[in-house]
Amino acid sequence: MFTFSEEHTLYIKQLKKERRIILFGKVFLFIIFLSFWEILAQKEILNTFLYSSPSKILSTIKTLLINGQLGKHIWITTYEVGISFLLSSIGGIFIAFLLWRFEKLAKILDPYITILNSLPKVALGPLIIIWVGADIHSIICMALLISIFTTIISIYTSFISTPMVYLILFKSLHASSIQTFWKLILPYNIENIIAALKVNISMSLVGVIMGELLVSKKGLGYLIMYGSQIFQLDLVITSIFILGVLSYIMYIIIDYVQILLKKKEKYN
Amino acid sequence: MKEILKITHLKKKYQTPTEEILALEDISFSVYPNEFISIIGPSGCGKSTILSILSGLTTPSFGTIELKNKCHLAYMLQEDALLPYKTVLENALLGLELSHNLTKENKDYVIHLLDTYGLGEFLNKYPNSLSGGMKQRCALIRTLALKPDILLLDEATSALDYQSSLAISNDIYNIIKKEGKTAIMVTHDISQAISMSDRIIVLTKRPAIIKEIIPIHLETESTPIENRKSKYFSKYYERIWRDLDVHI
(Lines give C-alpha, C1' and ligand atoms only; values in the text may rest on other atoms or scores of the structure.)
Protein backbone atom coordinates (compact mmCIF):
# COMPACT_ATOMS: atom_id res chain seq x y z
CA MET A 1 0.00 0.00 0.00
CA PHE A 2 1.26 3.42 -0.97
CA THR A 3 1.39 5.89 1.89
CA PHE A 4 2.23 9.56 1.93
CA SER A 5 4.70 11.11 4.31
CA GLU A 6 3.42 13.44 7.00
CA GLU A 7 4.73 16.48 5.16
CA HIS A 8 2.93 15.44 2.02
CA THR A 9 -0.38 14.98 3.87
CA LEU A 10 0.13 18.42 5.36
CA TYR A 11 0.83 19.86 1.93
CA ILE A 12 -2.34 18.31 0.49
CA LYS A 13 -4.31 19.69 3.43
CA GLN A 14 -2.86 23.13 2.80
CA LEU A 15 -3.77 22.88 -0.88
CA LYS A 16 -7.36 21.89 -0.09
CA LYS A 17 -7.61 24.71 2.43
CA GLU A 18 -6.43 27.19 -0.16
CA ARG A 19 -9.02 25.94 -2.66
CA ARG A 20 -11.76 26.27 -0.03
CA ILE A 21 -10.72 29.83 0.73
CA ILE A 22 -10.85 30.77 -2.95
CA LEU A 23 -14.29 29.18 -3.41
CA PHE A 24 -15.53 30.90 -0.26
CA GLY A 25 -14.13 34.21 -1.52
CA LYS A 26 -15.97 33.85 -4.84
CA VAL A 27 -19.33 33.15 -3.18
CA PHE A 28 -18.75 35.74 -0.45
CA LEU A 29 -18.03 38.50 -2.98
CA PHE A 30 -21.25 37.66 -4.83
CA ILE A 31 -23.37 37.68 -1.67
CA ILE A 32 -21.82 40.91 -0.35
CA PHE A 33 -22.46 42.61 -3.68
CA LEU A 34 -26.11 41.48 -3.78
CA SER A 35 -26.73 42.35 -0.11
CA PHE A 36 -25.30 45.86 -0.46
CA TRP A 37 -27.36 46.42 -3.57
CA GLU A 38 -30.51 45.15 -1.86
CA ILE A 39 -29.95 47.13 1.35
CA LEU A 40 -29.24 50.36 -0.57
CA ALA A 41 -32.40 49.76 -2.58
CA GLN A 42 -34.50 49.04 0.52
CA LYS A 43 -33.22 52.19 2.25
CA GLU A 44 -34.09 54.08 -0.94
CA ILE A 45 -30.56 55.38 -1.32
CA LEU A 46 -30.54 53.79 -4.77
CA ASN A 47 -33.37 54.65 -7.10
CA THR A 48 -34.77 51.20 -7.97
CA PHE A 49 -36.46 52.58 -11.04
CA LEU A 50 -33.02 53.26 -12.52
CA TYR A 51 -30.85 50.69 -10.77
CA SER A 52 -33.32 47.91 -9.97
CA SER A 53 -32.52 45.54 -7.08
CA PRO A 54 -31.87 41.82 -6.53
CA SER A 55 -35.39 41.22 -5.25
CA LYS A 56 -36.86 43.02 -8.26
CA ILE A 57 -34.63 40.95 -10.58
CA LEU A 58 -35.89 37.81 -8.87
CA SER A 59 -39.52 38.79 -9.28
CA THR A 60 -38.90 39.73 -12.93
CA ILE A 61 -37.34 36.30 -13.50
CA LYS A 62 -40.36 34.74 -11.79
CA THR A 63 -42.83 36.63 -13.99
CA LEU A 64 -40.87 35.73 -17.14
CA LEU A 65 -40.73 32.10 -16.04
CA ILE A 66 -44.47 31.93 -15.42
CA ASN A 67 -45.47 33.42 -18.78
CA GLY A 68 -42.91 31.22 -20.56
CA GLN A 69 -40.91 34.16 -21.95
CA LEU A 70 -37.67 33.39 -20.13
CA GLY A 71 -37.12 29.92 -21.60
CA LYS A 72 -38.00 31.15 -25.08
CA HIS A 73 -35.53 34.05 -25.05
CA ILE A 74 -32.69 32.10 -23.45
CA TRP A 75 -33.23 29.27 -25.91
CA ILE A 76 -33.18 31.48 -28.99
CA THR A 77 -29.99 33.25 -27.90
CA THR A 78 -28.30 29.96 -27.04
CA TYR A 79 -29.41 28.51 -30.35
CA GLU A 80 -28.01 31.45 -32.30
CA VAL A 81 -24.73 31.33 -30.38
CA GLY A 82 -24.49 27.58 -30.98
CA ILE A 83 -25.01 27.92 -34.75
CA SER A 84 -22.55 30.84 -35.02
CA PHE A 85 -19.99 29.03 -32.91
CA LEU A 86 -20.22 25.86 -35.02
CA LEU A 87 -20.07 27.75 -38.32
CA SER A 88 -17.15 29.95 -37.33
CA SER A 89 -15.23 27.05 -35.74
CA ILE A 90 -15.58 24.75 -38.74
CA GLY A 91 -15.15 27.62 -41.19
CA GLY A 92 -12.20 29.02 -39.26
CA ILE A 93 -10.37 25.69 -39.12
CA PHE A 94 -11.09 25.04 -42.79
CA ILE A 95 -9.84 28.46 -43.92
CA ALA A 96 -6.78 28.09 -41.65
CA PHE A 97 -6.15 24.76 -43.41
CA LEU A 98 -6.37 26.40 -46.83
CA LEU A 99 -3.97 29.15 -45.77
CA TRP A 100 -1.55 26.58 -44.32
CA ARG A 101 -1.79 24.41 -47.43
CA PHE A 102 -1.42 27.25 -49.95
CA GLU A 103 1.31 29.53 -48.70
CA LYS A 104 0.89 31.99 -51.56
CA LEU A 105 -2.82 32.36 -50.81
CA ALA A 106 -1.95 33.16 -47.19
CA LYS A 107 0.47 35.86 -48.30
CA ILE A 108 -2.07 37.37 -50.72
CA LEU A 109 -4.91 37.35 -48.18
CA ASP A 110 -2.82 38.53 -45.23
CA PRO A 111 -3.68 42.28 -45.42
CA TYR A 112 -7.38 41.57 -46.07
CA ILE A 113 -7.71 39.27 -43.08
CA THR A 114 -5.90 41.79 -40.88
CA ILE A 115 -8.20 44.62 -42.00
CA LEU A 116 -11.38 42.54 -41.65
CA ASN A 117 -10.27 41.41 -38.21
CA SER A 118 -9.71 44.91 -36.87
CA LEU A 119 -12.73 46.50 -38.58
CA PRO A 120 -15.49 47.20 -36.00
CA LYS A 121 -18.09 44.81 -37.35
CA VAL A 122 -21.01 46.70 -35.81
CA ALA A 123 -20.35 49.32 -38.48
CA LEU A 124 -21.47 46.72 -41.00
CA GLY A 125 -24.75 46.17 -39.11
CA PRO A 126 -27.02 48.34 -41.30
CA LEU A 127 -25.56 46.80 -44.48
CA ILE A 128 -26.01 43.26 -43.18
CA ILE A 129 -29.63 43.94 -42.28
CA ILE A 130 -30.33 45.27 -45.78
CA TRP A 131 -28.42 42.54 -47.57
CA VAL A 132 -29.40 39.49 -45.50
CA GLY A 133 -32.77 40.57 -44.08
CA ALA A 134 -33.94 41.59 -40.62
CA ASP A 135 -34.13 38.10 -39.14
CA ILE A 136 -32.04 35.38 -37.52
CA HIS A 137 -29.82 35.18 -40.62
CA SER A 138 -28.39 38.64 -40.14
CA ILE A 139 -27.80 37.90 -36.43
CA ILE A 140 -25.79 34.78 -37.28
CA CYS A 141 -24.05 36.68 -40.06
CA MET A 142 -23.02 39.39 -37.59
CA ALA A 143 -21.79 36.84 -35.04
CA LEU A 144 -19.84 35.00 -37.76
CA LEU A 145 -18.14 38.19 -38.92
CA ILE A 146 -17.15 39.03 -35.37
CA SER A 147 -15.81 35.61 -34.43
CA ILE A 148 -14.38 34.00 -37.55
CA PHE A 149 -11.36 36.23 -38.21
CA THR A 150 -9.75 35.86 -34.81
CA THR A 151 -10.42 32.11 -35.07
CA ILE A 152 -8.70 31.94 -38.46
CA ILE A 153 -5.75 34.04 -37.33
CA SER A 154 -5.03 32.19 -34.08
CA ILE A 155 -5.48 28.70 -35.55
CA TYR A 156 -3.43 29.52 -38.65
CA THR A 157 -0.64 30.98 -36.50
CA SER A 158 -0.59 27.80 -34.47
CA PHE A 159 -0.55 25.62 -37.63
CA ILE A 160 2.48 27.34 -39.11
CA SER A 161 4.44 27.17 -35.88
CA THR A 162 4.42 23.34 -35.90
CA PRO A 163 8.08 22.37 -35.37
CA MET A 164 10.04 21.94 -38.60
CA VAL A 165 11.49 18.59 -37.52
CA TYR A 166 8.05 16.92 -37.68
CA LEU A 167 7.41 18.40 -41.13
CA ILE A 168 10.76 17.03 -42.35
CA LEU A 169 9.85 13.65 -40.83
CA PHE A 170 6.55 13.59 -42.71
CA LYS A 171 8.24 14.71 -45.90
CA SER A 172 10.90 12.02 -45.57
CA LEU A 173 8.10 9.46 -45.16
CA HIS A 174 6.51 10.82 -48.38
CA ALA A 175 3.29 11.91 -46.66
CA SER A 176 0.72 13.77 -48.76
CA SER A 177 -0.35 17.20 -47.56
CA ILE A 178 -3.76 15.84 -46.52
CA GLN A 179 -2.01 13.14 -44.46
CA THR A 180 0.29 15.75 -42.94
CA PHE A 181 -2.74 17.83 -41.98
CA TRP A 182 -4.79 15.02 -40.40
CA LYS A 183 -1.98 13.14 -38.75
CA LEU A 184 0.32 15.98 -37.73
CA ILE A 185 -0.98 19.55 -37.96
CA LEU A 186 -4.41 18.94 -36.44
CA PRO A 187 -3.52 16.61 -33.54
CA TYR A 188 -0.30 18.46 -32.73
CA ASN A 189 -2.15 21.77 -32.34
CA ILE A 190 -5.29 20.51 -30.62
CA GLU A 191 -4.58 22.51 -27.42
CA ASN A 192 -4.23 25.76 -29.34
CA ILE A 193 -7.34 25.01 -31.35
CA ILE A 194 -9.35 24.59 -28.17
CA ALA A 195 -7.93 27.83 -26.79
CA ALA A 196 -9.05 29.55 -30.01
CA LEU A 197 -12.51 28.00 -29.69
CA LYS A 198 -12.75 29.34 -26.14
CA VAL A 199 -12.28 32.85 -27.47
CA ASN A 200 -14.60 32.02 -30.34
CA ILE A 201 -17.56 31.16 -28.12
CA SER A 202 -17.43 34.48 -26.27
CA MET A 203 -17.02 36.34 -29.56
CA SER A 204 -20.07 34.49 -30.94
CA LEU A 205 -22.07 35.57 -27.92
CA VAL A 206 -20.97 39.18 -28.39
CA GLY A 207 -21.97 39.00 -32.06
CA VAL A 208 -25.35 37.42 -31.38
CA ILE A 209 -26.29 40.01 -28.74
CA MET A 210 -25.15 42.80 -31.04
CA GLY A 211 -27.29 41.35 -33.83
CA GLU A 212 -30.28 40.93 -31.54
CA LEU A 213 -29.96 44.53 -30.38
CA LEU A 214 -30.15 45.64 -33.99
CA VAL A 215 -32.86 43.48 -35.52
CA SER A 216 -34.44 40.79 -33.48
CA LYS A 217 -37.88 40.11 -32.00
CA LYS A 218 -36.58 37.36 -29.74
CA GLY A 219 -33.57 36.61 -27.55
CA LEU A 220 -31.84 38.25 -24.60
CA GLY A 221 -30.48 41.06 -26.77
CA TYR A 222 -34.03 41.84 -27.82
CA LEU A 223 -35.20 41.83 -24.18
CA ILE A 224 -32.51 44.37 -23.33
CA MET A 225 -33.52 46.57 -26.26
CA TYR A 226 -37.24 46.19 -25.54
CA GLY A 227 -36.77 46.91 -21.83
CA SER A 228 -34.89 50.11 -22.54
CA GLN A 229 -37.47 51.26 -25.09
CA ILE A 230 -40.37 50.94 -22.63
CA PHE A 231 -38.09 52.24 -19.85
CA GLN A 232 -38.45 49.09 -17.80
CA LEU A 233 -34.90 48.86 -16.53
CA ASP A 234 -35.65 45.83 -14.32
CA LEU A 235 -36.06 43.87 -17.49
CA VAL A 236 -32.80 45.23 -18.94
CA ILE A 237 -30.77 44.45 -15.82
CA THR A 238 -32.38 41.02 -15.45
CA SER A 239 -31.49 40.18 -19.06
CA ILE A 240 -27.90 41.31 -18.51
CA PHE A 241 -27.73 39.20 -15.36
CA ILE A 242 -28.99 36.12 -17.23
CA LEU A 243 -26.56 36.85 -20.05
CA GLY A 244 -23.68 36.80 -17.57
CA VAL A 245 -24.80 33.43 -16.23
CA LEU A 246 -25.23 32.08 -19.77
CA SER A 247 -21.74 33.12 -20.90
CA TYR A 248 -20.22 31.60 -17.77
CA ILE A 249 -22.00 28.29 -18.44
CA MET A 250 -20.78 28.25 -22.05
CA TYR A 251 -17.23 28.88 -20.89
CA ILE A 252 -17.48 26.05 -18.37
CA ILE A 253 -18.72 23.65 -21.06
CA ILE A 254 -15.67 24.32 -23.30
CA ASP A 255 -13.42 24.11 -20.26
CA TYR A 256 -14.92 20.72 -19.48
CA VAL A 257 -14.36 19.50 -23.06
CA GLN A 258 -10.73 20.59 -22.74
CA ILE A 259 -10.30 18.65 -19.50
CA LEU A 260 -11.88 15.57 -21.11
CA LEU A 261 -9.45 15.81 -24.03
CA LYS A 262 -6.50 16.24 -21.70
CA LYS A 263 -7.54 13.16 -19.78
CA LYS A 264 -7.69 11.22 -23.01
CA GLU A 265 -4.22 12.37 -23.99
CA LYS A 266 -2.39 10.79 -21.10
CA TYR A 267 0.92 12.07 -22.45
CA ASN A 268 0.21 15.47 -20.98
CA MET B 1 31.30 -7.33 -54.77
CA LYS B 2 28.80 -5.25 -56.76
CA GLU B 3 27.91 -1.80 -55.43
CA ILE B 4 24.25 -1.17 -54.51
CA LEU B 5 24.43 2.60 -54.68
CA LYS B 6 26.51 4.69 -57.02
CA ILE B 7 26.74 8.45 -56.82
CA THR B 8 28.46 10.32 -59.64
CA HIS B 9 29.38 14.00 -59.92
CA LEU B 10 26.81 15.18 -57.43
CA LYS B 11 26.56 18.95 -57.29
CA LYS B 12 24.24 21.18 -55.29
CA LYS B 13 23.67 24.92 -55.49
CA TYR B 14 21.35 26.76 -53.12
CA GLN B 15 19.70 29.98 -54.25
CA THR B 16 18.95 32.83 -51.87
CA PRO B 17 17.73 36.32 -52.85
CA THR B 18 21.18 37.80 -52.17
CA GLU B 19 23.56 35.04 -53.20
CA GLU B 20 24.10 31.65 -54.72
CA ILE B 21 25.69 29.09 -52.42
CA LEU B 22 27.60 26.19 -53.88
CA ALA B 23 27.26 23.53 -51.19
CA LEU B 24 28.56 20.47 -53.02
CA GLU B 25 31.08 20.86 -55.83
CA ASP B 26 31.58 17.33 -57.10
CA ILE B 27 30.88 14.19 -55.06
CA SER B 28 31.26 10.65 -56.38
CA PHE B 29 31.34 7.43 -54.39
CA SER B 30 29.90 3.92 -54.31
CA VAL B 31 28.36 1.93 -51.51
CA TYR B 32 28.59 -1.86 -51.22
CA PRO B 33 26.14 -4.22 -49.48
CA ASN B 34 26.33 -4.35 -45.66
CA GLU B 35 28.82 -1.53 -45.55
CA PHE B 36 28.79 1.13 -42.85
CA ILE B 37 29.94 4.41 -44.33
CA SER B 38 30.49 7.67 -42.49
CA ILE B 39 30.63 11.07 -44.10
CA ILE B 40 32.61 13.58 -42.09
CA GLY B 41 33.56 17.15 -42.83
CA PRO B 42 33.94 20.65 -41.37
CA SER B 43 30.70 22.10 -40.02
CA GLY B 44 28.54 23.66 -42.69
CA CYS B 45 30.32 21.82 -45.51
CA GLY B 46 27.11 20.34 -46.88
CA LYS B 47 27.44 16.79 -45.60
CA SER B 48 23.80 16.66 -44.55
CA THR B 49 22.86 17.90 -48.03
CA ILE B 50 24.12 14.59 -49.45
CA LEU B 51 21.62 12.71 -47.29
CA SER B 52 18.83 15.15 -48.12
CA ILE B 53 19.44 14.50 -51.80
CA LEU B 54 19.62 10.73 -51.35
CA SER B 55 16.37 10.68 -49.39
CA GLY B 56 14.59 12.85 -51.94
CA LEU B 57 14.08 15.85 -49.65
CA THR B 58 16.11 18.05 -52.01
CA THR B 59 16.99 17.70 -55.67
CA PRO B 60 20.60 17.80 -56.89
CA SER B 61 21.70 20.52 -59.31
CA PHE B 62 23.73 18.03 -61.24
CA GLY B 63 24.84 14.41 -61.06
CA THR B 64 23.28 10.97 -60.92
CA ILE B 65 22.27 8.53 -58.20
CA GLU B 66 22.02 4.90 -59.25
CA LEU B 67 20.28 2.44 -56.96
CA LYS B 68 20.91 -1.19 -57.92
CA ASN B 69 18.44 -4.09 -57.62
CA LYS B 70 15.50 -1.78 -56.81
CA CYS B 71 16.83 -1.37 -53.30
CA HIS B 72 15.36 1.47 -51.32
CA LEU B 73 16.50 4.04 -48.79
CA ALA B 74 15.11 5.32 -45.52
CA TYR B 75 16.12 8.43 -43.68
CA MET B 76 16.62 8.86 -39.94
CA LEU B 77 16.60 12.41 -38.68
CA GLN B 78 18.94 14.15 -36.30
CA GLU B 79 16.22 14.34 -33.64
CA ASP B 80 13.95 11.45 -32.72
CA ALA B 81 10.86 13.50 -33.75
CA LEU B 82 8.48 11.10 -32.02
CA LEU B 83 4.92 12.44 -32.04
CA PRO B 84 3.90 13.18 -28.44
CA TYR B 85 0.25 12.24 -29.04
CA LYS B 86 0.98 8.79 -30.45
CA THR B 87 2.06 5.72 -28.48
CA VAL B 88 5.47 4.12 -29.00
CA LEU B 89 3.91 1.46 -31.24
CA GLU B 90 1.90 4.01 -33.24
CA ASN B 91 5.05 6.09 -33.69
CA ALA B 92 7.03 3.09 -34.91
CA LEU B 93 4.21 2.30 -37.37
CA LEU B 94 3.97 5.87 -38.73
CA GLY B 95 5.92 5.25 -41.95
CA LEU B 96 3.85 2.15 -42.74
CA GLU B 97 0.62 4.00 -41.93
CA LEU B 98 1.49 6.90 -44.23
CA SER B 99 2.47 4.59 -47.10
CA HIS B 100 -0.68 2.48 -46.63
CA ASN B 101 1.36 -0.61 -45.83
CA LEU B 102 -0.10 -1.34 -42.44
CA THR B 103 -0.58 -5.08 -42.93
CA LYS B 104 -0.74 -7.61 -40.11
CA GLU B 105 2.61 -9.00 -41.21
CA ASN B 106 4.34 -5.59 -41.16
CA LYS B 107 2.79 -4.76 -37.81
CA ASP B 108 4.03 -8.01 -36.33
CA TYR B 109 7.50 -7.26 -37.68
CA VAL B 110 7.53 -3.85 -35.95
CA ILE B 111 6.29 -5.34 -32.67
CA HIS B 112 9.02 -7.95 -33.00
CA LEU B 113 11.64 -5.22 -33.50
CA LEU B 114 10.35 -3.23 -30.51
CA ASP B 115 10.38 -6.40 -28.40
CA THR B 116 13.87 -7.36 -29.49
CA TYR B 117 15.34 -3.95 -28.80
CA GLY B 118 13.96 -3.41 -25.33
CA LEU B 119 10.80 -1.43 -26.00
CA GLY B 120 8.38 -4.36 -25.62
CA GLU B 121 6.83 -3.11 -22.38
CA PHE B 122 6.39 0.42 -23.73
CA LEU B 123 4.24 -0.38 -26.80
CA ASN B 124 1.22 1.47 -25.44
CA LYS B 125 3.12 4.13 -23.51
CA TYR B 126 3.69 7.65 -24.82
CA PRO B 127 7.16 8.89 -25.83
CA ASN B 128 7.46 11.10 -22.73
CA SER B 129 7.89 7.95 -20.63
CA LEU B 130 10.99 6.92 -22.62
CA SER B 131 14.61 7.88 -21.95
CA GLY B 132 16.56 9.76 -24.62
CA GLY B 133 18.20 6.56 -25.78
CA MET B 134 14.93 4.65 -25.97
CA LYS B 135 13.41 7.45 -28.05
CA GLN B 136 16.30 7.22 -30.49
CA ARG B 137 15.86 3.44 -30.69
CA CYS B 138 12.15 3.91 -31.35
CA ALA B 139 12.99 6.38 -34.13
CA LEU B 140 15.42 3.84 -35.61
CA ILE B 141 12.75 1.14 -35.54
CA ARG B 142 10.31 3.55 -37.25
CA THR B 143 12.92 3.75 -40.03
CA LEU B 144 13.61 0.00 -40.08
CA ALA B 145 9.86 -0.71 -40.27
CA LEU B 146 9.97 0.33 -43.92
CA LYS B 147 12.42 -2.52 -44.58
CA PRO B 148 14.98 -0.31 -46.31
CA ASP B 149 18.17 -1.74 -47.77
CA ILE B 150 20.14 1.38 -46.99
CA LEU B 151 19.70 3.54 -43.89
CA LEU B 152 20.62 7.20 -44.00
CA LEU B 153 21.60 8.46 -40.55
CA ASP B 154 21.83 12.20 -40.11
CA GLU B 155 23.89 13.01 -36.98
CA ALA B 156 21.69 10.47 -35.23
CA THR B 157 23.19 11.04 -31.79
CA SER B 158 24.17 14.70 -31.85
CA ALA B 159 21.15 15.77 -29.80
CA LEU B 160 22.27 13.57 -26.89
CA ASP B 161 24.87 14.02 -24.16
CA TYR B 162 28.25 12.30 -24.62
CA GLN B 163 27.54 9.14 -22.63
CA SER B 164 24.10 8.58 -24.12
CA SER B 165 25.61 9.20 -27.52
CA LEU B 166 28.17 6.45 -26.93
CA ALA B 167 25.51 4.02 -25.78
CA ILE B 168 23.14 4.83 -28.65
CA SER B 169 25.90 4.57 -31.24
CA ASN B 170 26.48 1.09 -29.89
CA ASP B 171 22.77 0.27 -30.07
CA ILE B 172 22.31 1.64 -33.56
CA TYR B 173 25.40 -0.15 -34.81
CA ASN B 174 24.34 -3.48 -33.34
CA ILE B 175 20.80 -3.22 -34.65
CA ILE B 176 21.96 -2.30 -38.15
CA LYS B 177 24.50 -5.17 -38.24
CA LYS B 178 22.00 -7.67 -36.83
CA GLU B 179 19.32 -6.67 -39.34
CA GLY B 180 21.91 -6.90 -42.13
CA LYS B 181 21.47 -3.32 -43.37
CA THR B 182 23.76 -0.96 -45.21
CA ALA B 183 24.20 2.46 -43.63
CA ILE B 184 25.43 5.91 -44.59
CA MET B 185 25.95 8.13 -41.57
CA VAL B 186 26.71 11.83 -41.48
CA THR B 187 28.58 12.93 -38.37
CA HIS B 188 30.91 15.62 -37.07
CA ASP B 189 32.33 13.28 -34.44
CA ILE B 190 35.64 11.77 -35.62
CA SER B 191 35.73 9.08 -32.89
CA GLN B 192 32.18 8.01 -33.63
CA ALA B 193 32.96 7.72 -37.33
CA ILE B 194 36.10 5.59 -36.73
CA SER B 195 34.42 3.34 -34.18
CA MET B 196 31.44 2.48 -36.39
CA SER B 197 32.54 2.61 -40.02
CA ASP B 198 34.01 0.38 -42.67
CA ARG B 199 34.95 3.43 -44.69
CA ILE B 200 35.04 7.13 -43.91
CA ILE B 201 34.47 9.77 -46.57
CA VAL B 202 36.21 12.99 -45.57
CA LEU B 203 34.88 16.16 -47.21
CA THR B 204 36.60 19.50 -47.62
CA LYS B 205 35.00 22.72 -46.49
CA ARG B 206 32.32 24.32 -48.70
CA PRO B 207 32.06 23.91 -51.67
CA ALA B 208 32.66 20.30 -50.73
CA ILE B 209 34.63 17.75 -52.68
CA ILE B 210 35.90 14.45 -51.36
CA LYS B 211 39.26 14.92 -49.69
CA GLU B 212 39.83 11.21 -49.25
CA ILE B 213 38.04 7.95 -48.59
CA ILE B 214 39.65 6.06 -45.73
CA PRO B 215 39.04 2.31 -45.26
CA ILE B 216 39.04 1.49 -41.55
CA HIS B 217 40.67 -1.68 -40.26
CA LEU B 218 40.71 -1.74 -36.49
CA GLU B 219 41.17 -5.50 -36.27
CA THR B 220 38.90 -5.70 -33.23
CA GLU B 221 35.67 -6.87 -34.92
CA SER B 222 33.43 -5.81 -32.08
CA THR B 223 31.19 -3.06 -30.83
CA PRO B 224 31.87 0.66 -31.38
CA ILE B 225 32.75 1.14 -27.71
CA GLU B 226 35.29 -1.71 -27.83
CA ASN B 227 36.57 -0.46 -31.17
CA ARG B 228 37.71 2.75 -29.51
CA LYS B 229 40.33 0.71 -27.65
CA SER B 230 42.01 -0.47 -30.87
CA LYS B 231 45.70 0.40 -31.15
CA TYR B 232 45.04 1.80 -34.66
CA PHE B 233 42.36 4.17 -33.42
CA SER B 234 44.58 7.19 -32.73
CA LYS B 235 46.38 6.80 -36.04
CA TYR B 236 43.07 7.19 -37.91
CA TYR B 237 42.03 10.00 -35.60
CA GLU B 238 45.17 12.03 -36.35
CA ARG B 239 44.83 11.45 -40.05
CA ILE B 240 41.22 12.68 -40.16
CA TRP B 241 42.01 15.59 -37.85
CA ARG B 242 44.75 16.65 -40.27
CA ASP B 243 42.37 16.23 -43.24
CA LEU B 244 39.72 18.39 -41.65
CA ASP B 245 42.31 21.11 -41.09
CA VAL B 246 40.44 22.65 -38.16
CA HIS B 247 41.22 26.27 -37.34
CA ILE B 248 39.73 27.70 -34.19
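## Starting at one leucine

Leave aside the neighbours within four places in sequence, and Leu146(B) is in contact with Ala74(B), Gly95(B) and Leu96(B). Being in contact here is about C-beta atoms, placed from the backbone: those of the two residues have to lie within 7 Å. Ala74(B) sits 72 residues away from Leu146(B) in sequence, yet the two are 7.3 Å apart in space, C-alpha to C-alpha.

Where does Leu146(B) sit in the chain? You'll find Leu146(B) in the loop between α5 (132-144) and β6 (150-154) of chain B. Leu146(B) counts as buried because it has 20 C-beta neighbours inside 10 Å. The cut-offs go like this: a residue with 20 or more other C-beta atoms within 10 Å of its own is buried, one with 12 or fewer is exposed, and anything in between is partly exposed, with C-beta atoms placed from the backbone.

## What you're looking at

This is a predicted model, where local features need pLDDT of at least 70 and side-chain atom pairs count only at pLDDT 80 or more, while totals for chains, interfaces and linings use all residues. Residues are numbered from 1 along each chain as its sequence is written, and chains are lettered from A and ligands numbered from 1 in the order in which they are written.

## Chain B as a whole

Chain B mixes its secondary structure, with nine helices and nine strands. Its radius of gyration is 18 Å, close to the 18 Å that the globule rule gives for 248 residues, so chain B is as compact as a globular protein of that length. That radius is taken over C-alpha atoms, and the globule rule is 2.2 Å times the number of residues to the power 0.38. As for helices and strands, they are DSSP runs numbered from the N terminus: H or I over at least four residues for a helix, E over at least two for a strand.

Along the principal axes, the C-alpha atoms of chain B fill a box of roughly 50 × 45 × 40 Å. Buried residues come to 40% of the 248 in chain B. If you take the contacts in chain B between residues at least 6 apart in sequence, 72% of them join residues at least 24 apart.

## The sheet in chain B

In chain B, nine strands make an open sheet with mixed pairing, in the order β4-β1-β2-β9-β8-β3-β7-β6-β5. The edges belong to β4 (62-67) and β5 (73-76) of chain B, each with a single partner strand, so one side of each has no neighbour in the sheet. From one strand to the next, the twist averages 20°, with axes being lines fitted to C-alpha atoms (for helices, over the stretch in contact) and angles running from 0 to 180 degrees between N-to-C directions.

Now follow strand β1 (residues 5-15) of chain B, which runs antiparallel to β4(B) and is joined to it by five bridges. For strands to count as paired, DSSP has to find at least two bridges between them. Leu5(B) has Leu67(B) as its bridge partner in β4(B), and Ile7(B) has Ile65(B) there. Leu5(B) also has a bridge partner in β2(B), namely Val31(B).

β1(B) pairs with strand β2 (residues 20-31) of chain B too, in the antiparallel sense over eight bridges, and a hairpin of four residues joins β1(B) to β2(B). Along this pair, Lys13(B) stands opposite Leu22(B) in β2(B). Strand β9 (residues 208-215) of chain B runs parallel to β2(B), with two bridges between them; one of the partnerships is Asp26(B) with Ile209(B) in β9(B).

## Chain A

Chain A has 12 helices and zero strands. Its radius of gyration is 24 Å, well over the 18 Å that the globule rule gives for 268 residues, so chain A is more spread out than a compact globule. The C-alpha trace of chain A spans about 75 × 70 × 30 Å along its principal axes, and 28% of the 268 residues are buried.

The domain assignment, which is an automatic or database one, splits chain A into domain 1 (6-46) and domain 2 (54-264). The centres of these two domains of chain A, taken over C-alpha atoms, are 32 Å apart.

## Where the chains meet

How many residues of chain B are in contact with chain A? There are 14 residues of chain B in contact with 14 residues of chain A. Helix α3 (residues 94-98) of chain B gives the most to the chain B side, with three residues. By class, that side has nine nonpolar, four polar and one charged residues. Here nonpolar covers Ala, Val, Leu, Ile, Met, Phe, Trp, Tyr, Cys and Pro, charged covers Asp, Glu, Lys and Arg, and the others, Gly among them, are polar.
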